[in-house]
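Trainee: Could you take me through one part of this model slowly, as if we were both looking at the screen? I would like to understand how its residues are placed and what surrounds them.

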Amino acid sequence: MFFLPWWILLACLAGSAFATYLLLKRTQVGDSPWTIFPLTAALAPVVLAGAVVAAIVFSTLLSALLEDQPSVPSESTGAESTFESTFERTVPSTTTIRSTSPSASPSASPTASPSASSSASPAP
């Protein structure tokens, strides 16, 4: 998780309070200072929460639109293409996993039987 410092949140709240004050000043509430200040204090967190929700929705929509577009390969320099071709050659596309079963042990090696070695000797 990423947490913002308290002073950034306080600055955003002050900005939303100022925006709320300017919006309320245009209405009939702006005529009375006794009503505009409490309404500004009450509506500033609501305006800030609305701005945060709007930013998240906009970011999500923009991210979804950019993911749907096919990526176009750009012109790369010689060093980048050499790196990419080297990387593709050194990394195998598939990996095999060897199973270790109790019947197949790696220490078992085929050995010649004693009768086979005696029959290989020349007859007198």
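Mentor: Happy to. Let's take the first helix, and start from its cover: what lies over the buried residues of α1 includes α2, which spans 33-68. Please keep in mind that this is a predicted model.

Which residues of α1 are buried? They are S16, T20 and L24. These three sit on the same side of α1, because they cover an arc of only 75° around the axis. There is a general rule behind such spacing: an α-helix has 3.6 residues a turn, so residues three or four places apart point the same way.

Now turn the helix around. On the face of α1 directed away from its buried side you will find W7 and F18, both exposed. W7 also belongs to a nonpolar surface patch, together with W6, L10 and L13. The accessible area of that patch adds up to about 500 Å².

L10, one of the patch residues, is part of α1, the helix that runs over residues 6-25. Buried, exposed or in between? L10 counts as partly exposed, because its relative accessibility is 49%, and exposed would need over 50%.

As for the helix itself, α1 is built from 20 residues. The distance from its first C-alpha to its last is 28 Å, close to the 28 Å expected at 1.5 Å a residue.

Follow the chain onward and you come to the loop between α1 and α2, where G30 is located. G30 counts as buried because its relative accessibility is 11%. What does G30 touch? Leaving aside residues up to four places away in sequence, its contacts are L24, K25 and I36. L24 is a residue you have already met, as one of the buried residues of α1.

Across in α2, have a look at V46. V46 counts as exposed because its relative accessibility is 53%. V46 and L13 are separated by 33 residues in sequence, while their C-alpha atoms are 9.8 Å apart in space. L13, remember, is a member of the nonpolar patch.

Finally, let's step back to the whole chain. Its secondary structure consists of four helices and zero strands, in the order α-α-α-α from the N terminus. Of the 124 residues in the protein chain, 6% are buried. The chain has an accessible surface of about 11200 Å², and carbon and sulfur atoms account for 69% of that.

Notes
Residues are numbered from 1 along each chain as its sequence is written. This is a predicted model: local features need pLDDT of at least 70, side-chain atom pairs count only at pLDDT 80 or more; totals for chains, interfaces and linings use all residues. Side-chain values use heavy atoms; hydrogens and water are left out. Patches are made of residues with over 30% relative accessible area and no salt bridge: like charges are joined within 9 Å, nonpolar side chains (Val, Leu, Ile, Met, Phe, Trp, Tyr) within 5 Å. Accessible areas come from the Shrake-Rupley method with a 1.4 Å probe; for residues, only the protein chains shown count as cover. A salt bridge is a side-chain nitrogen of Lys or Arg within 4 Å of a carboxyl oxygen of Asp or Glu. Helices (H or I, at least four residues) and strands (E, at least two) are DSSP runs, numbered from the N terminus. Buried means under 20% relative accessible area, exposed over 50%, partly exposed in between (1.4 Å probe, protein chains only). The expected span of a helix is 1.5 Å times one less than its number of residues. The arc is that of the directions from the helix axis to the C-beta atoms. Contact means heavy atoms within 4.5 Å.
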